[in-house]
Amino acid sequence: MRSHARKALVLATTGLLAATGVVALSGTAHAASTLGESAAAKGRYFGTAVAANHLGEAPYAATLNAEFTSVTPENEMKWDALEASRGSFTYGAADQILAHAQGRGMKVRGHTLVWHSQLPSWVGTLAASDLRTAMNNHITQVMRHYQGKIHSWDVVNEAFQDGSSGARRSSPFQDKLGSGFIEEAFRTARATDPAAKLCYNDYNTDGVNAKSNAVYAMVKDFKQRGVPIDCVGFQSHFNSQSPVPADYQQNLQRFADLGVDVQITELDIEGSGSSQATSYANAVKACLAVSRCTGITVWGVTDKYSWRSGGTPLLFDGNYAKKPAYDSVLAALGGTSGGGGGTRTCSVSYAKQEEWGDRYNGKVTVTAGSSAISGWNVRVTIASVQEISATWNGTPSWDGTGKVMTMTPNGNGSLAAGGTTSFGFTVMTHGNTAPPTVGACTAS
Ligand code: XIL
């Protein structure tokens with residue numbers, strides 16, 4: 001009896017309750033601060049690439065709406081999407097993203113007017129003077145359609161070669177119009193929508209290297225000659241071969257010192273766990289350290305729809321659970337840490353199922369709180385004469401007595417906000433039909 005009383009006290013102080021029939025236990029929900037809010041407190045936007053065809057997926061839209069203050073259409077404003085055949089413009093999908101953003105006070109980055117990729121083949125067949133007309137017409141038509149609605153336009157994307165040459169990349173524009181196509185595109189863009197910030201955007205230009213030196217020289221020349229340019233976008237697609245450069249901040253700063261804003265435009269970092277989280281935090285800190293770094297865009301909401309989904313490079317996993325990288329970005333932005341901050345919660349309920357002369361089945365339902373979670377565990381304690389003879393839909397571990405089972409998920413334990421899962425077990429009663437004691441749910 002003494003030991004029983006002591007046990008009851010321990011159970012009470014750890015928040016365990018005897019399960020009689022159905023009980024529900026839950027942790028405390030805290031007001032979560034978001035990426036967008038915490039970036040705004042630092043005077044910056046926090047955006048994501050968005051695909052129009054996912055906007056109808058409830059957790060996709062919920063995550064987008066909760067966390068981000070800017071969107072970039074991932075493909076919908078590219079030349080092949082807007083002007084697949086010459087002179088015929090289709091704005092449906094791009095307009096859908098714009099409407100979603102405008103209705104919620106999000107900024108929109110326009111991506112992209114002149115690019116060698118996702119370019120319809122008809123463009124490449126044109127002779128020089130016709131190509132010039134087509135390029136300027138494309139810029140003019142598209143920017144007019146979106147006049148006053150786009151925060152920043154990527155006027156020219158990826159015009160430089162990789163490697164040490166510092167040369168312009170071969171493209172119909174470069175090959176037929178020469179390097180002057182870039183400044184022509186910027187001049188046409190400024191004349192069309194003077195309110196939009198005009199950016200040059202590229203990748204492998206994140207650190208100081210031959211390619212970024214070439215872009216730097218171009219921007220410097222533009223500023224000296226009065227060619228309109230307001231910003232430089234750094235795509236920032238990182239992985240182990242191409243990590244966040246040690247001189248990222250220094251590189252952003254030297255561009256800013258030319259008198260342009262800088263933006264991180266397509267951030268994604270392949271990897272997982274704490275190493276991915278550290279890289280993300282470093283990238284965010286680099287932007288925050290540069291006063292003209294006006295915003296950060298990650299290249300997608302969830303790993304499952306990433307253009308490099310195999311590398312799980314984003315902040316939310318395929319179930320929209322916040323990854324460690326999310327927590328580290330939020331912390332770097334000065335927001336409330338999700339990890340220890342209690343934003344991840346779950347609750348459990350217990351119900352008895354089938355019952356026989358010698359045994360019964362129990363079922364525990366786990367429900368995520370108002371934030372997505374990436375894992376959970378629940379402790380189930382049985383009476384000393386009882387035994388658990390089977391479990392399903394979970395991975396149990398046991399204390400030395402065999403009477404305390406800690407259940408964790410089978411495989412991926414992610415649950416969307418409000419999402420549920422359940423596990424079950426058979427209790428051999430050995431004459432004691434008491435229900436198990438089900439502990440509170442712990443979320444991670
Ligand atoms: C990618 C999109 O994410 C993919 O869906 C598409 O198939 C190819 O383009 N640099 C850019 C982006 O500027 O437009 C690219 O987006 C990724 C690299």
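Here are four short exercises on a predicted model, each with a worked solution.

Residues are numbered from 1 along each chain as its sequence is written. Local features need pLDDT of at least 70, side-chain atom pairs count only at pLDDT 80 or more, and totals for chains, interfaces and linings use all residues, while side-chain values use heavy atoms, with hydrogens and water left out.

**Exercise 1. The ligand shell**

Find which residues come nearest to the ligand, and sort the shell by residue class.

Solution. Start with the cut-off: a residue is near a molecule if one of its heavy atoms lies within 4 Å of it. The ligand has 13 residues around it. Glu 74, Lys 78, His 111, Glu 266 and Trp 299 come nearest. Next, sort the shell. Its residues divide into 3 nonpolar, 6 polar and 4 charged. Here Ala, Val, Leu, Ile, Met, Phe, Trp, Tyr, Cys and Pro count as nonpolar, Asp, Glu, Lys and Arg as charged, and the others, Gly among them, as polar.

**Exercise 2. Ligand oxygens and cover**

Which side chains have an N or O atom at 2.8 Å, 2.9 Å and 3.2 Å from a ligand oxygen?

Solution. Take the distances in turn. At 2.8 Å, the side chain is that of Glu 266. At 2.9 Å, it is that of Asn 75. At 3.2 Å, it is that of Gln 118. Now add the cover. On its own, the ligand has 420 Å² of accessible area (Shrake-Rupley method, 1.4 Å probe). The protein covers 78% of that area.

**Exercise 3. Helix packing**

Classify the packing of helix 9 with helix 10, and of helix 12 with helix 13.

Solution. Helices are DSSP runs of H or I, at least four residues, numbered from the N terminus; strands are runs of E, at least two. Axes are lines fitted to C-alpha atoms over the stretch in contact, and angles run from 0 to 180 degrees between N-to-C directions.

Helix 9 (residues 180–192) and helix 10 (residues 210–225) pack at about 50 degrees, with axes 12 Å apart. So helix 9 is oblique to helix 10.

Helix 12 and helix 13 (residues 324–332) pack at about 25 degrees, with axes 8 Å apart. So helix 12 is roughly parallel to helix 13. The classes are: under 35 degrees roughly parallel, over 145 roughly antiparallel, 65 to 115 roughly perpendicular, the rest oblique.

**Exercise 4. Backbone exceptions**

Where do His 111 to Thr 112 and Ser 236 depart from the usual backbone?

Solution. Most residues other than glycine have a negative phi, and most peptide bonds are trans. The bond from His 111 to Thr 112 is cis, with omega near 0 degrees. Thr 112 sits in strand 5 (residues 107–114). Ser 236 has a positive phi, near 65 degrees. Ser 236 lies in the loop between strand 8 (231–234) and strand 9 (237–238).

How values were computed. A polar contact is a pair of N or O atoms within 3.5 Å; within protein, one must be able to donate a hydrogen and the other to accept it, and residues adjacent in sequence count only if both atoms are side-chain atoms.
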